[in-house]
Amino acid sequence: MKIVSCLHFRPAQLASAPEIHHLYSNSPTYFHLIGMEVPTLSDVERELEVLEQDPRRRVLLLERDGEVVGYLDYKLPYPEEGAATISLLLIREDLQGQGLGARALGELESQIKGQVGRLFAVVYGDNPAARRFWLRQGFAHLRDGGPSLSWYVKELI
């Protein structure tokens, strides 16, 4: 695994839809694992419009050297006060395994520390790599929410 530096967060906006769509198009395995096709550009635009209506939801583009390499979608507070939930941490498929996901998670934890005591993560579909990732990052399996959803939790000290 490479040591990653210079990872920056940029809030996603409606104008970010083409960049997110490009990221999704370069990450087809994730969508296959959750049983759906890669979203179209108009799907991404609709999703961004919906997120603007939820004041708890935050969506960030992860950039390295000015290039979008990932996407982070989380809610704060959710599912309860004093907690946040990561709905999606997606690193572009050809860049996975380089430490970008762990670095992004570390940055997020630094930013929300003091605001929350618990951080949840959800894994959709049959995604053993995602489950291993969360466990390696210090999360514990909390429960399964059906055949295609698993919850993980980490106490932030």
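**Exercise 1. Find the residue in strand 7 that stands opposite Ala-140, then describe how strand 6 and strand 7 are joined.**

Solution. Keep in mind as you go that this is a predicted model.
- Step 1: Look across from Ala-140 and you hit Val-153 in strand 7.
- Step 2: Check the direction: strand 6 and strand 7 run antiparallel, with 4 bridges joining them.
- Step 3: Follow the chain round the turn. The two strands make a hairpin with 4 residues between them, and Gly-146 in that turn has a positive phi of about 125°.

**Exercise 2. Work out the strand order of the sheet and pick out its edges.**

Solution. A quick reminder: strands of a sheet pair through backbone hydrogen bonds, either parallel or antiparallel.
- Step 1: Lay out the 7 strands. They form an open sheet in the order 1-2-3-4-5-7-6, with mixed pairing.
- Step 2: Now the edges: strand 1 (7–11) and strand 6 (140–144) each pair on one side only.
- Step 3: Add the twist, which averages 30° from one strand to the next.

**Exercise 3. Describe the two pairings of strand 5, and decide how enclosed this strand is.**

Solution.
- Step 1: Take strand 7 (residues 149–155). Strand 5 pairs with it in the antiparallel sense over 7 bridges, and Val-122 stands opposite Trp-151.
- Step 2: Then take strand 4. Here the pairing is parallel, over 4 bridges, with Ala-84 opposite Leu-119 in strand 5.
- Step 3: Count buried residues, meaning those under 20% relative accessible area. In strand 5 that's 5 of the 7 residues, so the strand is largely enclosed by the rest of the structure.

**Exercise 4. Compare the span of helix 4 with the expected one, and list its buried residues.**

Solution.
- Step 1: Helix 4 has 13 residues and reaches 18 Å from first C-alpha to last, close to the 18 Å expected at 1.5 Å a residue.
- Step 2: The buried ones are Leu-100, Gly-101, Ala-104, Leu-105, Leu-108, Glu-109 and Ile-112.
- Step 3: Think about the spacing: an α-helix has 3.6 residues a turn, so residues three or four places apart point the same way.
- Step 4: Look just past the helix end, where Gly-114 takes a positive phi of about 95°.

**Exercise 5. Hunt down the backbone oddities in the loops on either side of strand 3.**

Solution. Most residues other than glycine have a negative phi, and most peptide bonds are trans.
- Step 1: In the loop between strand 2 (57–64) and strand 3 sits Asp-65. Its phi is near 50°, a positive value in a residue other than glycine.
- Step 2: Is Asp-65 buried or exposed? At 69% relative accessibility, Asp-65 counts as exposed.
- Step 3: Move to the loop between strand 3 and strand 4, home to Pro-77 and Pro-79. The bond from Leu-76 to Pro-77 is cis, with omega near -10°, and a cis bond also joins Tyr-78 and Pro-79, with omega about 0°.

**Exercise 6. Describe the lining of the largest pocket and of the second largest pocket.**

Solution.
- Step 1: The largest pocket holds about 640 Å³ of space. Its lining has 28 residues, with Leu-89, Gln-96, Ala-129, Ala-130 and Phe-133 nearest the centre.
- Step 2: Sort that lining by class and you get 17 nonpolar, 9 polar and 2 charged residues.
- Step 3: The second largest pocket has a volume of about 320 Å³. It's lined by 17 residues, and nearest its centre lie Tyr-24, Glu-47, Arg-57, Asp-73 and Leu-88.
- Step 4: This lining splits into 12 nonpolar, 1 polar and 4 charged residues, and helix 3 gives the most to it, with 4 residues.

Conventions:
Residues are numbered from 1 along each chain as its sequence is written. This is a predicted model: local features need pLDDT of at least 70, side-chain atom pairs count only at pLDDT 80 or more; totals for chains, interfaces and linings use all residues. Side-chain values use heavy atoms; hydrogens and water are left out. On a 1 Å grid over the protein atoms alone, a cavity is a set of points where a 1.4 Å probe fits but cannot get out, and a pocket is an open set with protein on both sides within 12 Å along at least five of seven lines; lining residues have an atom within 4 Å of a point. Grid points are joined across faces, edges and corners, and a volume is the space filled by probe spheres set on the points. Ala, Val, Leu, Ile, Met, Phe, Trp, Tyr, Cys and Pro count as nonpolar, Asp, Glu, Lys and Arg as charged, and the others, Gly among them, as polar. The expected span of a helix is 1.5 Å times one less than its number of residues. Buried means under 20% relative accessible area, exposed over 50%, partly exposed in between (1.4 Å probe, protein chains only). Two strands pair if DSSP finds at least two bridges between them. Axes are lines fitted to C-alpha atoms, for helices over the stretch in contact, and angles run from 0 to 180 degrees between N-to-C directions.
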